[in-house]
Amino acid sequence: ETRMTAQSIVAERYTVTLEQAAALILACPDNKYFLQGEPGIGKSSIIKMLKERTGYRTAYIDCPNMDLGDIAMPVIDHETKTTRYYPNAAFQLQHGEPVIFMYDEFTKAAQPVQNMLHPSLEVHNPRLGDVSLPAGSRVFLTGNLDSDGVGDSLLAHTKMRLTVLEVSKPDSEQWLQWASGAGIDPAVMAWVYRNPHALASYRDGDQDGNPFIFHPNKVQGAVVTPRTLELGSNIVRARENFDAQALQAALVGTIGAAAAGSLAAFIAHQDSLPPYEQIIKHPDTTNVPEEPGALSVLVFGAIERLKHRDEVTALLKYFGRADVEWQSIFNVTLARHKAKSPLAFSCKAFADWVAKNQDLL
């Protein structure tokens, strides 16, 4: 029998995904959450998820760039000869409706700003200035890990009012599942599929030689994160509007030199692949590349181009001529795609494949 010692419990890392963090915030509105995680992993995107699920107004508060006057201002009440604090309109309290408050990078804010926001973190009667937060409102903070070394600071008495959650960095599989429905360029998705270590964490261990990721103990420029991959995708998708030198320079400045050089090979693959229209018209005879990099670009690109149910049958025939690995990658990615999966499941051959391979989904 294995016994867990106190030391092993301390060493254990308990993390949540972005989805799990959103679920906790929605389920327990009286708790105020502090979401910690590495830079660029998408912590601030949770506010969009919460808005979509509640329909509430949102207040995105950029804490490091705020001064006291950006939060609330004193107003004189001449009748009572007192002053009151009126919150800034950015906090959306003027509507008297529940609000989702995100104090982004709270731990990088000046201490007077943190102090001014502190009453809104109270369990009982949370308020901003003299205005109570509407019932049902949610408050959460974001910040980086202490080990990231990027200047985060949170006082102990503040932390005691919060539920602290470490948000895990999405791995390549989790990121690809999101990217397949988020308009990310196929070449970028293919590159991540072939280089899953690009989304590793420096906390995973054995990552000192990983040239793509953030290392707090190294002097670095741009690195690969979920955020920078999305920015890099914008550049790759628009590459017809500028030359190769500009593309390379922009990618170096977005995801770093090592990743930019590696991604360039996948972009070259994409520009030399058989046209999508040719694959759909002639799935039995169109050339199927053998090189894994080219096939990965082709798989993710085909899913993004898919628009009609009839095309699913043609793509199944075409990728059916590739190795079994690529057939599975195509089918699994398509089955998980929020927008395209309904087209796929209306195709009997695809539905039959999924029924036989439920363990892969």
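**Strand S9 and the H9–H10 contact**

In this predicted model, strand S6 (residues 99-104) pairs with S9 in the parallel sense, with four bridges between them. Within this pairing, Met 102 of the model stands opposite Phe 140 in S9. Strand S9 also has a partnership with strand S2 (residues 32-36): five bridges join S2 and S9, and these strands likewise run parallel. Here Phe 140 appears again, as the bridge partner of Tyr 33.

How enclosed, then, is S9 itself? Strand S9 covers residues 138-143, and six of its six residues are buried, so the strand is largely enclosed by the rest of the structure. The cover extends to both faces of S9. On one side lie Arg 138, Phe 140 and Thr 142, and on the other Val 139, Leu 141 and Gly 143, all of them buried.

Turning to the helices, H9 spans residues 244-255 and H10 spans residues 257-271. Their axes come within 7 Å and cross at roughly 135 degrees. An angle over 145 degrees would count as roughly antiparallel, and 65 to 115 as roughly perpendicular; H9 and H10 are therefore oblique to each other. The crossing of these two helices is right-handed. On the H9 side, the contact is made by Leu 247, Gln 248, Leu 251, Val 252 and Ile 255. H10 contributes Ala 257, Ala 259, Ala 260, Gly 261, Leu 263, Ala 264 and Ile 267. Sorted by class, the contact of H9 with H10 holds ten nonpolar residues and two polar ones, with no charged residues.

Notes. Residues are numbered from 1 along each chain as its sequence is written. This is a predicted model: local features need pLDDT of at least 70, side-chain atom pairs count only at pLDDT 80 or more; totals for chains, interfaces and linings use all residues. Side-chain values use heavy atoms; hydrogens and water are left out. Buried means under 20% relative accessible area, exposed over 50%, partly exposed in between (1.4 Å probe, protein chains only). Two strands pair if DSSP finds at least two bridges between them. Axes are lines fitted to C-alpha atoms, for helices over the stretch in contact, and angles run from 0 to 180 degrees between N-to-C directions. Angles under 35 degrees count as roughly parallel, over 145 as roughly antiparallel, 65 to 115 as roughly perpendicular and the rest as oblique. A crossing is left-handed if the near helix is turned anticlockwise from the far one by less than a right angle, and right-handed if clockwise. Contact means heavy atoms within 4.5 Å. Ala, Val, Leu, Ile, Met, Phe, Trp, Tyr, Cys and Pro count as nonpolar, Asp, Glu, Lys and Arg as charged, and the others, Gly among them, as polar.
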